[in-house]
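Open the model in your viewer and keep the selection tool at hand. The tour below goes stop by stop.

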Amino acid sequence: MLRFLALSPDAQAYYDGLEQRRLNARNHLRKILALAEVYPADLVARAISDGLAFQAFSAEYVTNILEARARALPEAGPLLLTRCQDLLDIDIAPQTSALMRPML
């Protein structure tokens, strides 16, 4: 229990939520501690804080948030065009309107 409480300042409140909502709170506690062995402590602490904020008390929630954040892709950067032909200069022929065509 002390290892769990050392994970986050919100750990005690999260554990209280587990106790109130789950029959097997100790099992969830063990799973979250196992996640702390795999993921950095700051990420686990953030997931616990998010779970507390959203009132989502389960080891599965903590697992899902950690996995989702691990999969997050970096934001795409701007498109860099390095050759003149890549500048997308397109010549488009002017259209003639039906009103401007001579009548036959």
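## First stop: a buried leucine

Select L33: with a relative accessible area of 12%, this residue is buried. The cut-off for buried is under 20%. The model you are looking at is predicted. L33 sits in helix α3, which spans residues 25-38.

Now show what surrounds L33. Which residues does L33 contact, leaving aside its neighbours within four places in sequence? They are R3, F4 and L7. Label F4 and draw a C-alpha to C-alpha distance to L33: it reads 6.4 Å. In sequence, F4 and L33 are 29 residues apart.

## Zoom out: the whole chain

Colour by secondary structure. The chain has 5 helices and 0 strands. Followed along the sequence, the pattern is α-α-α-α-α.

Switch to colouring by accessibility. The chain has 104 residues, and 29% of them count as buried. Then turn to the contacts between residues at least 6 apart in sequence: 60% of these join residues at least 24 apart.

## Second stop: α2 against α3

Stay with α3 and add α2. The two helices pack at an angle of about 140 degrees. Their axes are 8 Å apart. Is α2 oblique or roughly antiparallel to α3? The angle makes α2 oblique to α3, because only angles over 145 degrees count as roughly antiparallel.

Show side chains at the contact. From α2, select Y14, Y15, L18 and E19. From α3, select A25, R26, H28, L29 and I32. Colour this set by class: 6 residues are nonpolar, 1 is polar and 2 are charged.

## Third stop: the aromatic pairs

How many aromatic pairs does a search of the whole structure find? There are 2. One of them is formed by Y14 and F57. Centre to centre, the rings of Y14 and F57 are 5.2 Å apart. Their planes stand at 50 degrees, and the pair is tilted.

Trace the backbone from each ring. Y14 belongs to helix α2 (residues 11-21), while F57 lies in the loop between α4 (41-53) and α5 (59-71), so the pair ties together parts 43 residues apart in sequence.

Turn on the surface. Are these two rings' residues buried or exposed? Y14 is buried, at 0% relative accessible area. F57 also counts as buried, with a relative accessibility of 5%.

## Fourth stop: the loop at Q55

Stay in the loop between α4 and α5 and select Q55. Check its backbone torsions. Most residues other than glycine have a negative phi. For Q55, phi is near 55 degrees, a positive value in a residue that is not glycine. On the surface, Q55 counts as partly exposed, at 44% relative accessibility.

## Last stop: α4 against α5

Widen the selection to the helices on either side of this loop, α4 and α5. They pack at an angle of about 125 degrees, and 9 Å separates their axes. That angle makes α4 oblique to α5. Which hand does the crossing of α4 and α5 have? The crossing is right-handed.

Bring up the side chains once more. On the α4 side, pick L43, V44, R46, A47, D50 and G51. Facing them in α5 are Y61, V62, I65, L66 and R69. By class, the contact of α4 with α5 has 7 nonpolar, 1 polar and 3 charged residues.

Technical notes. Residues are numbered from 1 along each chain as its sequence is written. This is a predicted model: local features need pLDDT of at least 70, side-chain atom pairs count only at pLDDT 80 or more; totals for chains, interfaces and linings use all residues. Side-chain values use heavy atoms; hydrogens and water are left out. Rings of Phe, Tyr and Trp (its six-membered ring) pair if their centres lie within 6.5 Å; planes under 30 degrees apart count as stacked, over 60 as edge-to-face and the rest as tilted. Helices (H or I, at least four residues) and strands (E, at least two) are DSSP runs, numbered from the N terminus. Buried means under 20% relative accessible area, exposed over 50%, partly exposed in between (1.4 Å probe, protein chains only). Contact means heavy atoms within 4.5 Å. Axes are lines fitted to C-alpha atoms, for helices over the stretch in contact, and angles run from 0 to 180 degrees between N-to-C directions. Angles under 35 degrees count as roughly parallel, over 145 as roughly antiparallel, 65 to 115 as roughly perpendicular and the rest as oblique. A crossing is left-handed if the near helix is turned anticlockwise from the far one by less than a right angle, and right-handed if clockwise. Ala, Val, Leu, Ile, Met, Phe, Trp, Tyr, Cys and Pro count as nonpolar, Asp, Glu, Lys and Arg as charged, and the others, Gly among them, as polar.
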